[in-house]
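Student: I'm new to this one. Could you walk me through the empty spaces and the packing, one step at a time?

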Amino acid sequence: MMQHLIVLPVVLPLVVGLILLRTRHGAMRTHRTVGVAATALLVVVAMVMLARAAGGEVTYYALGGWQPPFGIVLVLDRLSALMIMVTSVLALGCVIFACAGDDERGSNFHGLFQLQLVGINGAFLTGDLFNLFVFFEVLLLASYALLIHGGGKSRIQSAVHYVVLNLVGSSLFLISVGVLYGATGTLNMADMAVRLTELPAEHRGLVTAGGLMLLVVFGLKAAILPLYFWLPRAYAAAPAPVAALFAIMTKVGIYAILRVYSLIFGEQAGVLEALERPWVWWLSLATMVIAGIGVLAARDLRLMVAYLVVISVGTLLAGIGMGSPEAVSALLFYLVHSTLITGALFLLAEMIGLQRGKAGTRLVKGRPLRDGRLLAGLFFVGAIAVAGLPPLSGAIGKALLLDAAAPWQQPWLWPILLGTGLVTLVALSRAGSTLFWRSHDGEAGGEALLRSRWLGVGWLLAASPLLVALAGPVSDYTRATADQLADPDVLVRAVLSDAGESP
């Protein structure tokens with residue numbers, strides 16, 4: 001069984017998703033039970049994978065028994081195990097929340113939700129550049145349907161923009177993969193890393209063009225400036241559990257940049273080394289600044305949270321642009337924190353909107369909330385965490401990033417990172433006072449919130465104090481992950497050893 005462990009995060013949601021789609025006219029209670037059980041089992045699988053990867057061994061699974069570099073492989077190392085863990089934890093909170101009724105607003109929610117996990121998990125595990133494209137398409141196809149779940153004019157408009165931009169990104173991705181294959185003769189990422197060390201001078205221009213096109217594609221997925229403008233409206237319009245799951249979607253772009261540009265374009269790539277770093281550093285800082293302005297200007301809580309996702313993207317990309325193992329370790333810690341907390345805030349915004357009647361999540365005077373005190377308490381925890389204030393995990397992640405900055409980077413990173421934290425705190429304080437203090441006279445209204453909503457939000461918000469309690473082991477793991485990424489030969493040898501092509 002253990003030799004098939006690596007393929008389970010792809011096969012499990014694929015099988016469950018197909019079954020749920022095939023039985024889409026069945027009882028919703030059965031669909032909910034199967035969806036939650038499958039996602040909970042995925043959390044268990046992710047925990048086992050994380051424990052297995054923690055020892056530092058890199059393992060792969062050759063689909064169909066075809067060995068690399070010719071066959072399709074799934075690779076498990078510290079980074080992929082961490083990303084699968086974050087995805088499964090986030091997904092469990094989202095699917096539990098959706099069982100309160102969000103899954104009934106359209107058809108096939110649970111089946112599409114599982115197929116979305118297939119694409120995300122596959123992207124984190126694949127060791128093949130073309131299959132990274134394939135899994136991108138799987139997650140995008142599922143996300144198109146989930147985005148318009150429940151219908152509505154705003155969702156349809158956002159979905160059209162989202163689809164068009166991602167189709168352009170997919171076309172660029174396919175072109176760049178073709179260019180790199182034409183120059184290197186392989187699609188296996190480990191094998192491509194080896195062949196770049198022997199690349200003829202006349203092919204370097206092609207590889208540079210392919211690498212920069214990939215950066216554009218991954219930047220679009222991650223929502224870096226100037227490619228972020230699709231994200232706020234799309235995420236704000238999506239159903240709450242879908243928007244919360246989408247918090248990991250931008251991290252797929254972050255992961256792809258980390259994986260491709262450390263493995264393929266690492267130190268062994270010679271003149272192609274650090275192909276993305278100068279671009280990413282300056283664009284990440286600009287992304288934080290523009291997103292901070294968006295947070296201040298937002299007049300809807302869901303839109304504000306969407307811009308907070310963009311701020312987290314800029315923060316993570318700044319860690320990549322800093323280019324040191326310490327910075328990568330810090331960004332991985334912050335990635336876990338920001339993904340789960342922004343996901344929780346999307347869910348919490350939906351709960352607040354349900355109890356404010358027609359005002360919804362708009363930052364205007366509305367009716368008193370039936371569960372105002374408890375919602376305000378959860379909002380306070382989420383706001384403190386996402387703003388990066390002690391004693392919650394955001395403060396640790398930001399402190400690690402600030403400490404990792406080189407002397408020449410500090411004058412840029414420190415004021416921008418701390419400034420966006422201040423802007424976030426001001427915007428969320430203003431939002432909280434409007435939502436919970438400024439209300440019309442009268443009795444509290446709004447619908448009663450089912451237990452599954454509270455459970456889904458609580459599950460995700462609990463990650464912040466848990467990260468503080470486990471800050472030592474988690475930071476040790478992220479540092480080991482950063483060191484493993486800085487030494488791509490470990491992965492290359494593990495994947496190509498049976499093929500006799502290790503360097």
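Student: How many cavities of 30 Å³ or more are there?
Tutor: Keep in mind that this is a predicted model. A cavity is a place where a 1.4 Å probe fits but cannot get out. With that rule, the count of those of 30 Å³ or more is four.

Student: Which helix gives the most to the lining of the largest cavity?
Tutor: That cavity has a volume of about 100 Å³, and its lining includes Phe 136, Leu 139, Tyr 162 and Met 249. Two or more lining residues come from each of helix H5 (129-147), helix H6 (153-184) and helix H11 (249-263). With three residues, the top giver is H5.

Student: How many residues in the lining of the largest cavity are nonpolar?
Tutor: Lys 221, Asn 166 and Trp 230 are among the residues there. Sorted by class, the lining has one charged residue and one polar one, and the nonpolar ones number eight.

Student: Where does the largest share of the lining of the second largest cavity come from?
Tutor: This cavity has a volume of about 70 Å³. Its lining includes Arg 259, Ser 262, Leu 263, Gln 484 and Val 490. Helix H20 (471-486), helix H21 (489-496) and H11 each give two or more residues. The largest share, three residues, comes from H11.

Student: And how many charged residues does the lining of the second largest cavity have?
Tutor: Asp 77, Arg 259 and Asp 487 all appear in that lining, and Asp and Arg count as charged. Next to six nonpolar and two polar residues, the charged ones come to three.

Student: Let's turn to the pocket. How many residues of the lining of the largest pocket are nonpolar?
Tutor: The pocket holds about 570 Å³ of space. It is lined by 19 residues, and the closest to its centre are Met 85, Val 89, Val 336, Leu 466 and Leu 467. H2, H3, H14, helix H19 (463-469) and H20 supply at least two lining residues each. No lining residue is charged and one is polar, while the nonpolar count is 18.

Student: Which helix gives the largest share of the largest nonpolar core?
Tutor: That core has 189 residues, and Phe 218, Tyr 235, Val 260 and Leu 413 touch the most other members. Val 260, for one, touches Leu 129, Leu 132, Met 189, Leu 214, Phe 218 and Phe 265, leaving out residues up to four places away in sequence. The largest share, 20 residues, is from helix H14.

Student: What do the buried residues of H1 pack against?
Tutor: Helix H1 (residues 8-22) has 15 residues and reaches 21 Å from its first C-alpha to its last, close to the 21 Å expected. Its buried residues are Pro 9, Val 10, Leu 12, Pro 13, Val 16, Gly 17 and Leu 20. They pack against helix H2 (28-53), helix H3 (78-98), helix H4 (109-125) and H5.

Student: Last one: is His 110 buried or exposed?
Tutor: His 110 is found in helix H4. Not counting residues up to four places away in sequence, His 110 touches Leu 20, Met 28, His 31, Arg 32, Gly 35, Val 95, Cys 99 and Asp 103. The cut-off for buried is under 20% relative accessible area. The value for His 110 is 3%, so this residue is buried.

Note on methods
Residues numbered from 1 in each chain as written. Predicted model: local features only at pLDDT ≥ 70, side-chain atom pairs only at ≥ 80, totals over all residues. Heavy atoms only, no water. 1 Å grid on protein atoms, 1.4 Å probe; cavity = no way out; pocket = protein on both sides within 12 Å on 5 of 7 lines; lining within 4 Å. Points joined across faces, edges and corners; volume = space filled by probe spheres on them. Helix = DSSP H or I, 4+ residues; strand = E, 2+ residues; numbered from the N terminus. Core = buried A, V, L, I, M, F, W, Y, C linked by side-chain atoms within 4.5 Å. Buried < 20%, exposed > 50% of the residue type's maximum accessible area, 1.4 Å probe, protein only. Contact = heavy atoms within 4.5 Å. Expected span 1.5 Å × (residues − 1).
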